[in-house]
Amino acid sequence: MYKVDLPPDLKEAAAIERRRNREQQRQSRVFNAKFRTIGVDVDTLEKQVQEKKQKEEIEKARDEAFDASRQHYDKIAQMLEQEQQAVTRNLDVALEDFRVRHQQPDTRREFDLYDPQGLKKDRPARVCDDDPRCGPASLQKFAGEDLSEKERAKLQKDMIKKWLTLQNEETQRAEAQQKFADNLYDKKRIELDERAQHLSRMEEECRKAIDMATNNFNEALALEITERRNLEKQQEEDNNFAEIYNHLTGDILTENPDVAVSNLGPQRILTDRWKGMSPEELKAVWNIQEQQRQEKQRLNEEEKQRDAEWDRQRTLAARASMTLEQQEEEFNKELRKRIDSYNEQLGREQRAHLEYLQKEVYTNKPTAHFFTQFNTSSR
């Protein structure tokens, strides 16, 4: 095939030019340190977060509305399903009753073929030697020699006609029952809808009545509380006045010493009426206080002895710790000497390695042209 000059693709050229312009704009933003922004656009992110929250709230409200509608229709569907199940049960009961009353095994046309009592009901093949049914060869009966064939055929036709009539009547009765059940189902559904609306209205009226009764009760209760507080305040003021009068006229303020004696004996006193101790009681208290002072002095001396013993123990422990610190310092000095000698050896090895790299390995130094290939793209 020969090479043919094809016209340039305008779409491809426009796409290339668009990408080139985008790249130049990006370079102007990235390489311009004055207008370059490091980080993220916080305002845009906050706006996106708010939009997301609003969207989630709208979705949540819609889901709640859908859930409420679904629950309402689920209740209606359950009620309708219960009604349908009740109708189905009634039809099944009626069908079973019809089978019990009108479709017994002995009324079937083929019952004589599988009757368990058939052999007992059948006539014996031979009654006596001169039985006229017996032929010359003692055979019982051949096909087509049945004398009651016409009567049996007539009876079978009548029975079939009767069965067909009963089946038609039963079919018509079942259709009428089904139609009646459908009408009853529709009426029941309408009644349930009306009942639901009525219950909703009654519930709203009941709620309003309850709110009104609650408000009335709260107002009455507030009035009753106000009156009770006023009565309690008046009663408290009366009690305070009576108490003040009793204190003014009582034995406490009149300083009667006999009121402090208890009825249980002279050794007991009433603390709320006591006026002070006698000199003998004061002397006994002073003696006890002197004993307590001496006991406290003895305890202080024992505490001083314990403190002196603790100080001696702390001094011994401090000396032992100073000895250990000196040993540790000597060990650290020896360890530091070893580390310094090892570091000097490492320094010599590193300097030799660096000299080897500079003189033997890194001999080709980069020029200025090498650094011009960086920062040529925004990617």
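What follows is a walk through this predicted model, from its overall layout to a few spots on its helices.

Let's begin with confidence, since this is a prediction. Averaged over the chain, the pLDDT is 80, and 79% of the residues reach 70 or more. That confidence varies from element to element: helix 2 has the highest mean, at 89, while strand 1, made of residues 261–262, has the lowest, at 63.

Now for the layout. The chain holds 6 helices and 2 strands. Reading from the N terminus, you pass through α-α-α-α-β-β-α-α. Among the helices to keep in view are helix 2, covering residues 42–102, helix 4, covering residues 149–249, and helix 5, covering residues 279–361. As for burial, the chain has 379 residues, and buried ones make up 5% of them.

Helix 2 is a good place to zoom in. Is phenylalanine 98, a residue of this helix, buried or exposed? With a relative accessible area of 15%, phenylalanine 98 counts as buried, because the cut-off for that label is under 20%. Look across from there and you'll find glutamate 170: the two C-alpha atoms are 9.3 Å from each other, although 72 residues separate them along the chain.

There's another long-range pair to look at, this time starting from helix 4, where glutamine 177 lies. Its partner here is leucine 91, which is 86 residues away in sequence, yet the C-alpha to C-alpha distance is 8.4 Å. Glutamine 177 counts as partly exposed because its relative accessibility is 35%, in between the 20% and 50% limits.

On to the charges. Side chains of opposite charge can pair when their charged atoms come close. How many salt bridges does a search of the whole structure find? The count is 19. One of them sits in helix 2, where arginine 101 pairs with aspartate 97, with 2.6 Å between the closest N and O atoms. These two residues are 4 apart in the helix, so about one helical turn lies between arginine 101 and aspartate 97. Aspartate 97 itself is partly exposed, at 35% relative accessibility.

Helix 5 offers a similar motif of pairing along the helix. Arginine 298 and glutamate 302 form a salt bridge with an N to O distance of 2.7 Å, and they too sit 4 residues apart, about one turn of helix 5. Arginine 298 has a relative accessibility of 36%, so it counts as partly exposed; glutamate 302, at 31%, gets that label as well.

Further along helix 5, glutamate 309 and arginine 312 make a salt bridge of their own, at 2.4 Å from N to O. Here the spacing is 3 residues, again about one turn of the helix. Glutamate 309 is partly exposed at 37% relative accessibility, and arginine 312 is partly exposed too, at 43%. Salt bridges can also link up through shared partners: Asp67, Arg70 and Asp74 are joined into one network that way.

Finally, take a look at the surface. Stay with helix 5 for a moment and find leucine 335. Which residues join it in a nonpolar surface patch? They are Phe331 and Ile339, and with Leu335 they make a patch of about 280 Å². Leucine 335 is partly exposed, at 39% relative accessible area, so it clears the over 30% cut-off for patch residues.

Back on helix 4, you'll find glutamate 236. This residue belongs to a patch of another kind, a negative one, formed by Glu232, Glu236, Glu237 and Asp238. The residues of such a patch have no salt bridge, because that is a condition for being counted in one.

How values were computed. Residues numbered from 1 in each chain as written. Heavy atoms only, no water. Patch = residues over 30% accessible without salt bridge, like charges linked within 9 Å, V, L, I, M, F, W, Y side chains within 5 Å. Areas by Shrake-Rupley, 256 points an atom, 1.4 Å probe, with all protein chains shown as cover. Salt bridge = Lys/Arg side-chain N within 4 Å of Asp/Glu carboxyl O. Buried < 20%, exposed > 50% of the residue type's maximum accessible area, 1.4 Å probe, protein only. Lys, Arg positive; Asp, Glu negative; His and termini not counted. Charge placed at Lys NZ, Arg CZ, Asp CG, Glu CD. pLDDT = per-residue confidence, 0-100.
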